[in-house]
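User: I would like a close look at one part of this model, followed by an account of the parts around it. Please keep the answer connected.

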Amino acid sequence: MARKMSKGQVSPKSRGEIRQFDETKLTRLGLISAQERISPSYTTWKTMYDVNGHDGELSCFSPSEVGGVPHGVDGDFVTALNTLYLEQGAPIDGYVHTTAYQLLQRAGFEDNGASYQRLSESLRRLRLAEYVIGRAWRQRGESGNGWASVAFSYISQIKQSTPEHRDLSRGTTLSIQLADPVAESIRNQYIHPLDLEFQVSLKRPLTRALYRLLNARRYTEHDQFNPISQFTVLVSDWARDCKLTETITARIKRNLEEAHQELIRRNYLDDVVFEGRGSRATVTYIYGAAAVREQSIQVMSDSPLIQVLVQHQVARNVALKLVRDYGEAHVSARLERFQALLAAGYQPRQTGALLVDVIKDQDGKYGDHLPPQQVHRSRAASERAEPPSAKRGAVHRATLRPRTSEKRRPSGPCPSKSRQPGPRQP
């Protein structure tokens, strides 16, 4: 098993300090089994549950050749992909552009051979595992009974700079396409705050998986910034959400005991209370003081600057984070530079991704001190000087292209050139 990076005793942040987000709907459904290890023969599961008064269905099938259904550390890499997708502007094509090293770092794993092997296995499993959600997938804007059915693999496509038969390494670049339902859910703001630093500091995969489920349960669909202080659930339903194979209450409690104790010891939970017996047994989770501490939150939903960023296809939570991290003056100045680029006649492939890159740019890629008409010449010269390996860096750079692709032709007749016979060039 690849070891987690040693993070020390990181305390959970208050909600006002959290700057990262995770996808909500799929996390609540528990697509990734919380179990650390499973038999490769555990290739399928199926659950039924109530969805606003009607029966919803959720199932998974994954071949034994990839180690069975997604489980354990697969959830760490899913969370890393979700946060990277958000930070890169949530492009409509669903792609996350990164490196194997950056993905390991984001998920909290050490830079060693065992970690790269674990990452390779997880990506393959997430690519081949097939999920079916029946009448339990709600899209933004639909009415309360507007639940759809979807089928997908969490990862639709993986492009990497090394052949698939070779192991991933530090320099491997990855372009990973999230499934349409996953990317669409994130773009539609089905997200909640995530304390990523605290998550990666947790010792066991089971504890991290339980933390993600508990964290997703703290927030409602309509309020991302006011978490509940506790919630109660049937033990049998909680085991289903965790995708545990145990069905007996005493065994479920024993399997979760170490994770509960770590979350209590780390002050994320104040207490875990089991009550009742048999099918009526319940578990109540009481969040710790640090996890629910009151904070004054700067709500910028009505800010004109945020509205402009959103109009340019920047996800709202990304816009909020940019303004918090860089300040309104910096973001406003970079917005003007971005608008100057468009006015100069250049069309980005992905508007939101380009704007985010312009705001984050620290290298002067976009000619901050040049008039708009000189930007293209400066950028073209920079790209010619940049080695191919740099262009495949950890964070994908939005590219520009002229609005018109017609080549300039000479006004006079083209002089004819004699062609010398010779061997065909490869």
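Along strand 2 (residues 44–51), which side chains point to one face and are buried, and which point to the other and are not?

Analyst: The model is a predicted one, and the description below should be read in that light.

In strand 2, the side chains alternate along residues 44–51. W45, T47, Y49 and V51 are directed to one face and are buried. T44, K46, M48 and D50 are directed to the other face and are not buried. The cut-off behind this division is a relative accessible area under 20%.

The partner of strand 2 is strand 3 (residues 54–61), to which 8 bridges join it in an antiparallel arrangement. Y49, which belongs to the buried face of strand 2, stands opposite G56 in strand 3. The two strands form a hairpin with 2 residues between them, and in this hairpin N52 takes a positive phi near 50°. In general terms, strands of a sheet pair through backbone hydrogen bonds, and the pairing may be parallel or antiparallel. Within strand 3, at residues 54–61, lies C60, which counts as buried because its relative accessible area is 2%. C242 is likewise buried, at 1% relative accessibility. The number of disulfides in the model is 0, the criterion being a pair of cysteine sulfur atoms within 2.5 Å.

A second sheet can be described next. It is an open sheet of 3 strands in the order 4-8-7, paired antiparallel. Strand 4 and strand 7 (155–160) are its edges, as each pairs on one side only. Neighbouring strands of this sheet are turned against each other by 20° on average, with direction ignored. Between strand 4 and strand 8 (residues 173–178) there are 5 bridges in the antiparallel sense, and T99 has T173 of strand 8 as its bridge partner. Helix 2 packs on the sheet, where it touches strand 4, strand 7 and strand 8, and its direction makes about 110° with that of strand 4. Helix 3 (residues 100–107) lies across strand 4 and strand 8, and runs at about 95° to strand 4.

Helix 2 also packs against helix 5 (residues 180–187), at an angle of about 55° and with the axes 11 Å apart. The two helices are therefore oblique to each other. The crossing of helix 2 and helix 5 is right-handed. N82, Y85 and L86 of helix 2 make the contact with V182, A183, I186 and R187 of helix 5. An α-helix has 3.6 residues a turn, so residues three or four places apart point the same way. The buried residues of helix 5 are P181, V182, A183, S185 and I186; V182, A183 and I186 are among those that make the contact with helix 2. Helix 5 is followed by Q189, which has a positive phi near 70°.

Two further residues with positive phi deserve mention. A90, which is not a glycine, has a phi of about 50° and is found in the loop between helix 2 (74–87) and strand 4 (95–99). A90 counts as buried because its relative accessibility is 7%. K243, also a residue other than glycine, has a positive phi near 60°. The loop that holds K243 lies between helix 8 (235–242) and helix 9 (249–265). With a relative accessible area of 4%, K243 is buried.

Note on methods. Residues are numbered from 1 along each chain as its sequence is written. This is a predicted model: local features need pLDDT of at least 70, side-chain atom pairs count only at pLDDT 80 or more; totals for chains, interfaces and linings use all residues. Side-chain values use heavy atoms; hydrogens and water are left out. Buried means under 20% relative accessible area, exposed over 50%, partly exposed in between (1.4 Å probe, protein chains only). Helices (H or I, at least four residues) and strands (E, at least two) are DSSP runs, numbered from the N terminus. Two strands pair if DSSP finds at least two bridges between them. Axes are lines fitted to C-alpha atoms, for helices over the stretch in contact, and angles run from 0 to 180 degrees between N-to-C directions. Angles under 35 degrees count as roughly parallel, over 145 as roughly antiparallel, 65 to 115 as roughly perpendicular and the rest as oblique. A crossing is left-handed if the near helix is turned anticlockwise from the far one by less than a right angle, and right-handed if clockwise. Contact means heavy atoms within 4.5 Å.
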